[in-house]
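Colleague: Before I use this model for any further calculation, I would like one careful, connected account of it. Please begin with the backbone and then work towards the packing of the interior.

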Amino acid sequence: MDDAYDFRAPVFPVRIFSGVDALAHLPGTLQAHGIERALVLCGRTVHGRTALIDRIRAIGGARIGSVFPEISAGAERQCVEAAARHALACGADALIAVGAGSVTKAARVVAMLLAEQRPLEE
């Protein structure tokens, strides 16, 4: 077999719940994984114009450690790096992405920055 086809693709746990009462799964999921300080990532619109983050805080209880509501459209580098710094500062042990593509993308990059403990360029 040609070495060009050898690769490694680690896949990390992802949970996606959808539909009516999807948030009802949150407490059990947090508990099952021993999560004590989840960081919720979202944009300003979700945070400021909806009650969703308040609902997540209420449902998740003390296991929701903090919220970072500054994910910008396109998940710009500055906001992703700021989110990673916030995650470190608050001792986040999980990330919860609330929103669409930019927030999901940002959460993936924040997770990489936390795991690698190196500058984004590396």
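Colleague: In which segment does Asp 21 lie? After that, please give me a close look at helix α4 and its surroundings.

Modeller: The model is predicted, and what follows should be read with that in mind. Asp 21 lies in the segment before α1, the helix that spans 26-32. Its backbone deserves attention, as Asp 21 has a positive phi of about 60° although it is not a glycine. With a relative accessibility of 57%, Asp 21 counts as exposed, because the threshold for that label is over 50%. Towards the other end of the chain, Gln 117 is a further residue other than glycine with a positive phi, in this case near 55°. Gln 117 sits in the segment after α5 (101-116), and its relative accessible area of 53% makes it exposed. A positive phi is also found at Gly 91, which follows α4 and has a value near 70°, and that brings us to the helix you asked about.

Helix α4 (77-90) has 14 residues, and the distance from its first C-alpha to its last is 20 Å, close to the 20 Å expected at 1.5 Å a residue. Its buried residues are Cys 79, Val 80, Ala 83, Ala 84 and Ala 87. These residues cover an arc of only 140° around the axis, which means that they lie on the same side of α4. The spacing follows a general rule: an α-helix has 3.6 residues a turn, so residues three or four places apart point the same way. On the face turned away from this buried side, α4 carries the exposed residues Gln 78, Arg 85, Leu 88 and Ala 89.

What does the buried side of α4 pack against? Its partners are β1, β2 (64-68) and α5. The contact with α5 can be followed through Leu 113, a residue of that helix which counts as buried at 12% relative accessibility. Leaving aside residues up to four places away in sequence, Leu 113 touches Val 80, Glu 81 and Ala 84, as well as Arg 118, Pro 119 and Leu 120. Leu 113 and Glu 81 are 32 residues apart along the chain, yet their C-alpha atoms are separated by 8.0 Å.

On the strand side, Ser 66 belongs to β2 and is buried, with a relative accessible area of 11%. Beyond its neighbours within four places in sequence, Ser 66 is in contact with Ala 38, Leu 39, Val 40, Arg 57, His 86 and Cys 90. Ile 64 is also found in strand β2, and at 7% relative accessibility Ile 64 counts as buried. Its contacts, again apart from residues up to four places away, are Leu 26, Leu 30, Ala 38, Val 40, Ile 56, Arg 57 and Ile 96. Of these, Leu 30 is 34 residues from Ile 64 in sequence, with 9.0 Å between the two C-alpha atoms.

These elements can also be viewed through the nonpolar interior. The largest nonpolar core has 16 residues, and those with the most contacts inside it are Leu 41, Phe 68, Ile 71, Val 80 and Ala 83. At least two residues of this core come from each of β1 (38-41), α4 and α5, with α5 supplying the largest share, 6 residues. A second core of 13 residues is separate, and it includes Ala 38, Val 40, Cys 42 and Ala 94. Returning to Leu 41, its contacts beyond four places in sequence are Phe 68, Ile 71, Ala 83, Leu 95, Ile 96, Ala 97, Val 98, Val 103 and Ala 107.

The cysteines call for a final remark, since a disulfide is a covalent bond between the sulfur atoms of two cysteines. The structure holds 0 disulfides. Cys 42 takes part in none, and the nearest cysteine sulfur, in Cys 79, is 11 Å away. Seen from the side of α4, the sulfur of Cys 79 has its closest cysteine sulfur in Cys 42 at 11 Å, which is too far for a bond, because a disulfide needs the sulfur atoms within 2.5 Å. Cys 42 is nevertheless buried, with a relative accessible area of 0%, and Cys 79 counts as buried at 10%.

Note on methods. Residues numbered from 1 in each chain as written. Predicted model: local features only at pLDDT ≥ 70, side-chain atom pairs only at ≥ 80, totals over all residues. Heavy atoms only, no water. Helix = DSSP H or I, 4+ residues; strand = E, 2+ residues; numbered from the N terminus. Buried < 20%, exposed > 50% of the residue type's maximum accessible area, 1.4 Å probe, protein only. Core = buried A, V, L, I, M, F, W, Y, C linked by side-chain atoms within 4.5 Å. Contact = heavy atoms within 4.5 Å. Expected span 1.5 Å × (residues − 1). Arc of directions from axis to C-beta.
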